[in-house]
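Work through these exercises with the model open beside you. Try each task before reading its solution.

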Amino acid sequence: MATSTQFSREALCDGLDQLSIQQLELMDHLIKSNMSLEESMRSGFFLLSKTRYTLGTNAVCLLQLPTDESEVESLATVVSSPVVLEKYDGDIMYHSVDTKFVDPVITVDSEKGIIISDDSDKKIQGLRKRVTSAEEQKTEEISDENFEEQSVKKGKPKIINRDPIRWFSALPPQTLKHAQQDFKAAINLIAQCATTQLKLRAVNKEYKRLYEIKQKLDKTDKEE
């Protein structure tokens, strides 16, 4: 769509038709996203209730949450970036909202207390093979806890797991893990809903602008 002040009636009608179709598509997508968000939240709360029934009412409660004095870093961030509306000839800008989840496992220098890496050195494997001879191999299993203790003693980096699920249990059950996945999916759906709403708002604004121009043209034709 041209941005000049002079529009042809055919171009205006085509632009209004395109925007009307996009409005219907965006409203349909927003309704479906809200329904998926509601289902994901319902499933997450249901699994939390099952976890409380299994571990006890005090296992998953406000007492396990960190206090205001605790230093807690968010593992989920929201990024907003400008995007040009597709399926339209004009330059309509809106902001796309995206979510990013940080790896909860970090590597810290045990002596200096400095974070070295967030990828936990590619997640240390629990099995290590030692070649004793050319003909036979011996596999030694090393648990993560023992390996961390040995690393600290030798002054090597220490691996820390910041996963919030460990606030409630050192060995979280499957119901709690599934509940965490449902709430993570809900965060992504919230970002999708926000993006759709911003996009719909930009489309509505452009539709009103073109409709006002069309009304002025109709008024001018009637006067002539």
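**Exercise 1. Describe the largest pocket: its volume, its lining and the elements that build it.**

Solution. This is a predicted model.

Step 1. Start with the volume. The largest pocket fills about 840 Å³.

Step 2. Find its middle. The lining counts 28 residues, and those closest to the pocket centre are D163, P164, I165, W167 and Q180.

Step 3. Assign the lining to elements. Two or more lining residues come from each of α1 and α4. Helix α4 gives the largest share, with 7 residues.

Step 4. Sort the lining by class. There are 20 nonpolar residues, 3 polar ones and 5 charged ones.

**Exercise 2. Lay out the secondary structure of the chain, then state what share of its residues is buried.**

Solution.

Step 1. Count the elements. The chain has 4 helices and 7 strands.

Step 2. Put them in sequence order. The pattern reads α-β-β-β-β-α-β-β-α-β-α.

Step 3. Turn to burial. A residue is buried when its relative accessible area is under 20%. By that cut-off, 27% of the 224 residues are buried.

**Exercise 3. Which residues form a nonpolar patch on the surface, and where does L62 sit?**

Solution.

Step 1. List the members. The patch consists of L62, L65, V72 and W167. Together they offer about 400 Å² of accessible area.

Step 2. Place L62. This residue lies in the loop between α1 and β1 (76–84).

Step 3. Classify L62. The cut-off for exposed is over 50% relative accessible area. L62 has 72%, so it is exposed.

Step 4. Link back to the pocket. W167 belongs to this patch, and W167 is also among the residues closest to the centre of the largest pocket.

**Exercise 4. Trace the salt bridges of D218 and find the network they make.**

Solution.

Step 1. Recall the principle. Side chains of opposite charge can pair when their charged atoms come close.

Step 2. Take the partner R9. R9 and D218 form a salt bridge, with their closest N and O atoms 2.4 Å apart. This pair ties together distant parts of the chain: R9 is in helix α1 (residues 9–55), D218 is in helix α4 (residues 174–223), and 209 residues separate them.

Step 3. Take the partner K214. The side chains of D218 and K214 also meet in a salt bridge, at 3.3 Å from N to O. Both residues are in helix α4, 4 residues apart, so about one helical turn separates them.

Step 4. Join the pairs. Shared partners connect R9, K214 and D218 into one network.

Step 5. Check exposure. R9 has a relative accessible area of 35%, D218 has 23% and K214 has 22%. Partly exposed lies between the 20% and 50% cut-offs, so R9, D218 and K214 each fall in that class.

**Exercise 5. How many salt bridges does the model have, and how far apart are the closest N and O atoms of E38 and R42?**

Solution.

Step 1. Give the total. The count is 7 salt bridges.

Step 2. Read the distance. The closest N and O atoms of E38 and R42 are 3.0 Å apart.

Step 3. Explain the spacing. E38 and R42 are 4 residues apart in helix α1, so about one helical turn lies between them.

Step 4. Check exposure. E38 is partly exposed, at 47% relative accessible area. R42 is partly exposed too, at 44%.

Methods:
Residues are numbered from 1 along each chain as its sequence is written. This is a predicted model: local features need pLDDT of at least 70, side-chain atom pairs count only at pLDDT 80 or more; totals for chains, interfaces and linings use all residues. Side-chain values use heavy atoms; hydrogens and water are left out. A salt bridge is a side-chain nitrogen of Lys or Arg within 4 Å of a carboxyl oxygen of Asp or Glu. Buried means under 20% relative accessible area, exposed over 50%, partly exposed in between (1.4 Å probe, protein chains only). Patches are made of residues with over 30% relative accessible area and no salt bridge: like charges are joined within 9 Å, nonpolar side chains (Val, Leu, Ile, Met, Phe, Trp, Tyr) within 5 Å. Accessible areas come from the Shrake-Rupley method with a 1.4 Å probe; for residues, only the protein chains shown count as cover. On a 1 Å grid over the protein atoms alone, a cavity is a set of points where a 1.4 Å probe fits but cannot get out, and a pocket is an open set with protein on both sides within 12 Å along at least five of seven lines; lining residues have an atom within 4 Å of a point. Grid points are joined across faces, edges and corners, and a volume is the space filled by probe spheres set on the points. Ala, Val, Leu, Ile, Met, Phe, Trp, Tyr, Cys and Pro count as nonpolar, Asp, Glu, Lys and Arg as charged, and the others, Gly among them, as polar.
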